[in-house]
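User: I should like to learn how to read surface features from a structural model. Could we proceed feature by feature?

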Amino acid sequence: MSEKGCCDSLCECFFDYYTSKILVIRSKKVGTLNRFTQALVIAYVIGYVCVLKKGYQDTDTVLSSVTTKVKGIALTNTTELGERIWDVADYIIPPQEDGSFFVLTNMIITPNQTQSKCAENPTPASICTFHRDCKRGFTDARGDGVRTGRCVHYNDTVKTCEVLSWCPLEKIVEPPNPPLLADAENFTVLIKNNIRYPKFNFNKRNILPNINSSYLTQCVFSHKTDPDCPIFRLKDIVEEAEEDFQTMAVHGGVMGVQIRWDCDLDMPQSWCVPRYTFRRLDNKDPENNVAPGYNFRFAKYYKDRDGTETRTLIKGYGIRFDVLVFGQAGKFNIIPTLLNIGAGLALLGLVNVICDWIVLTLMTRKQHYKEQKYTYVDDFGLLSNEET
């Protein structure tokens, strides 16, 4: 019997048909709750979705290309090189990069190196006492050359393994402080940025139409006086990131130049302009300062009159500037507009569901409301053609 009763109940539920019934409840509490919830939904749809988030627009992300050109002159006077002028060809290494550029600010110079034999720099792996401590032909990945098998004097108190290498070897010392190219803070860089929103066939560049050649030759970017100028002083970039250029120039580092293009293409195109922000990208944690900054080695090669190859080794420290471009454009489109309107109407329908649940669950006369809300009608059949 129980199995048959269960099957009958399932069949009744399956073949039930529900139709809407309007029940008007004259209650200040329920009416106030209903209107307040509806007002919240309408404010959300209109204020947040449509106005703030521009839900009536279709969007596209930016495609970008960046080129840079640095200008500036620096003077150094060192024991190794004497008095020397440094121009763009000397301190921009390499000459062109994709979306970034490196400016040399400090260096350790080892001049007049030749292919010869000399004692390794003292390390726990290279210090020796006898020739047998130095295996001939051994190459230490962290060493300076190929060992000859001899243990020789590095100085009066220390003996190290002899190597075949570029001698004299680079000395293990801290970079100069203050930095050698301290004048680099006054260098300027022209950043040319072209952007495109392919979905809307929209193109623009950061050299705006109102900028002419005479203005470009004398302007320097400033948030207050020249926010549209694409020429930046390196010191200003670093200071905008709340860093000190001279301190950063000693060991080097990485700076980010962020260009943001957020464009509302329903407005005039002149309103679509870049916004510049700056920040330091490399780690500057005082408690974790192992291998700080940014450096690499490069060499300049020469040949003497007798054909001997000589080089000047430079361990260069400097600041790499990465130009990062972000952006999103929006334009009116009927499809997202209808989708968001439909979502808003669905939310308004949900308000009725919430109010019904409150009335039928929490109100003191919930049983009476339930009786008025639901009416059960037995099967009355379909009208035949004759009855119609």
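User: Is K69 buried, partly exposed or exposed?

Analyst: The model is predicted, and accessibility is read here from computed relative areas. A residue counts as partly exposed between 20% and 50% relative accessible area. K69 has a relative accessible area of 46%, so K69 is partly exposed. Its place is in strand β2, residues 63–71.

User: Which residues gather with K69 in a patch of positive charge on the surface?

Analyst: A patch takes residues with over 30% relative accessible area and no salt bridge. In this structure, K69 gathers with K71, K192 and R205 in a surface patch of positive charge.

User: Which residues form the nonpolar patch on the surface?

Analyst: That patch is formed by Y44, Y48, L52, L347, L350, V353 and I354, and together these residues have about 640 Å² of accessible area.

User: Which helices each supply at least two residues of the nonpolar patch?

Analyst: They are α2 (28–52) and α7 (334–361). The largest share, four residues, comes from α7. V353, for example, is found in helix α7.

User: Where is N186 found, and what does UniProt list for that residue?

Analyst: An annotation is best read together with its location and accessibility. An unreviewed UniProt entry lists N186 as a "glycosylation site". N186 is found in the loop between β7 (159–167) and β8 (188–197).

User: Why does N186 count as partly exposed?

Analyst: N186 counts as partly exposed because its relative accessibility is 43%.

Technical notes
Residues numbered from 1 in each chain as written. Predicted model: local features only at pLDDT ≥ 70, side-chain atom pairs only at ≥ 80, totals over all residues. Heavy atoms only, no water. Patch = residues over 30% accessible without salt bridge, like charges linked within 9 Å, V, L, I, M, F, W, Y side chains within 5 Å. Areas by Shrake-Rupley, 256 points an atom, 1.4 Å probe, with all protein chains shown as cover. Salt bridge = Lys/Arg side-chain N within 4 Å of Asp/Glu carboxyl O. UniProt positions renumbered as here; feature names shortened; annotations may be inferred. Buried < 20%, exposed > 50% of the residue type's maximum accessible area, 1.4 Å probe, protein only. Lys, Arg positive; Asp, Glu negative; His and termini not counted. Charge placed at Lys NZ, Arg CZ, Asp CG, Glu CD.
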